[in-house]
Amino acid sequence: MDNTAAAAAAADGAANRPAVDAQLPADLRTPLRPDAFQLSDEEKITAISGHFREIMEILGLDLTDDSLSGTPKRVAKMYVQEWFKGLDPKHRPDVKLFENRYQYQNMLVERDITLFSCCEHHFVPIIGKAHVAYLPGEHVVGLSKLNRVVQYFARRPQVQERLTRQIAEELKNTLRTNDVAVLIEADHLCVMSRGVNDTSSSTLTAEYGGAFGRDDALRQEFLRLLGK
């Protein structure tokens, strides 16, 4: 396939890809340009590798050293295939619901979900835990899918407030209920490793929907189950 045909195929693939965060309210969508997917993953890796090489050279690093020579490509692959894979809606988890045949009606909590994200202000890690809960109705969901929803929205440049609400809204949509709670506690390396250099503080954000927002006893039960 020549370059023109490859570019046309990539453009066609981008046109047919689901819109990013289309299921979320506009104010909760991660800011992306309309042409975000005109380049293939490999093209993005090649371009980022070149730009990161320039950054390293500007810093005065010797890229002929065998420890540094492969760093630009490694960083580029990490950005596209790992850290920021949640930018691409093709990675959005397919959440399958199951009939609640056992008529379980009480709160279901998935706690201590490992959360790794990236501060969009300084591009350094956000590391923490997410806790999610919902009240089952006619359907329940496989537990691993709750983890996958958290990881999907975490794996992109983020602010914790938006991340918390994105997870909550996605769970409301997929679980077909507003009775959802999300609590995130995280350490931000932009606070710990630069600026104030505060290694002892952490950030907590919460979103309570439906019954969790109306019922103080239910909300307190959720926090008690988390040990808060």
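Ring pairs join Tyr79, Trp83, Phe84, Phe116 and Phe123 into a cluster, where rings of Phe, Tyr and Trp (its six-membered ring) count as a pair if their centres lie within 6.5 Å, and the pair is called stacked when the planes are under 30 degrees apart, edge-to-face when they are over 60 and tilted for the rest. The model is a predicted one, in which local features need pLDDT of at least 70 and side-chain atom pairs count only at pLDDT 80 or more, while totals for chains, interfaces and linings use all residues. Residues are numbered from 1 along each chain as its sequence is written, and side-chain values use heavy atoms, with hydrogens and water left out.

Before following the cluster further, it helps to have the whole chain in view. The protein chain contains 8 helices and 7 strands, these being DSSP runs numbered from the N terminus, with helices (H or I) of at least four residues and strands (E) of at least two. Its C-alpha atoms fill a box of roughly 60 × 45 × 30 Å, taken along the principal axes. Of the 228 residues in the protein chain, 40% are buried, a word that stands for under 20% relative accessible area, with exposed meaning over 50% and partly exposed in between (1.4 Å probe, protein chains only). Among contacts in the protein chain between residues at least 6 apart in sequence, 69% join residues at least 24 apart, contact meaning heavy atoms within 4.5 Å.

A pair of aromatic rings is described by the distance of the centres and the angle of the planes. A search of the whole structure finds 9 aromatic pairs. One of them is the tilted pair of Tyr79 and Trp83, with 6.0 Å from centre to centre and 35° between the planes. Because Tyr79 and Trp83 are 4 residues apart in helix H3 (residues 71-83), about one helical turn separates them. Tyr79 is buried at a relative accessible area of 18%, and Trp83 is buried as well, at 16%.

Another member of the cluster, Phe123, lies in the loop between strand S2 (108-119) and strand S3 (125-134). With 38% relative accessibility, Phe123 counts as partly exposed. Leaving aside neighbours within four places in sequence, Phe123 is in contact with Tyr79, Trp83, Phe84, Cys118 and Pro157.

Helix H3, which carries Tyr79 and Trp83, also packs against another helix. Two packed helices are described by the angle between their axes and the distance between the axes. The axes of helix H2 (residues 41-58) and H3 come within 8 Å and cross at roughly 135°, where axes are lines fitted to C-alpha atoms, for helices over the stretch in contact, and angles run from 0 to 180 degrees between N-to-C directions. H2 and H3 are therefore oblique to each other, since angles under 35 degrees count as roughly parallel, over 145 as roughly antiparallel, 65 to 115 as roughly perpendicular and the rest as oblique. Where they meet, the residues of H2 include Ile45, Ile48, Phe52 and Met56, and those of H3 include Val75, Ala76, Tyr79 and Val80.

A second helix pair is formed by helix H4 (residues 143-154) and H5, which pack at an angle of about 140° with their axes 9 Å apart. These two helices, H4 and H5, are therefore also oblique to each other. On the H4 side Leu146, Val149, Val150, Phe153 and Ala154 take part, and they meet Leu163, Gln166, Ile167, Glu170 and Leu171 in H5. Glu170, found in helix H5 (residues 160-175), is buried with a relative accessible area of 1%. Not counting residues up to four places away in sequence, Glu170 touches Gln23, Leu24, Arg92, Val149 and Phe153.

Two charged side chains are also placed over rings, a description that applies if NZ of Lys or CZ of Arg is within 6 Å of the ring centre and within 35 degrees of the ring normal. The charged end of Arg156 sits over the ring of Tyr152, 5.0 Å from its centre, and Arg219 lies over the face of Tyr208, at 5.7 Å from the ring centre.

Finally, Val140 is found in strand S4 (residues 139-141), and at 8% relative accessibility Val140 counts as buried. Apart from neighbours within four places in sequence, Val140 is in contact with Lys96, Leu97, Phe98, Glu99, Asn100, Tyr102 and Tyr134.
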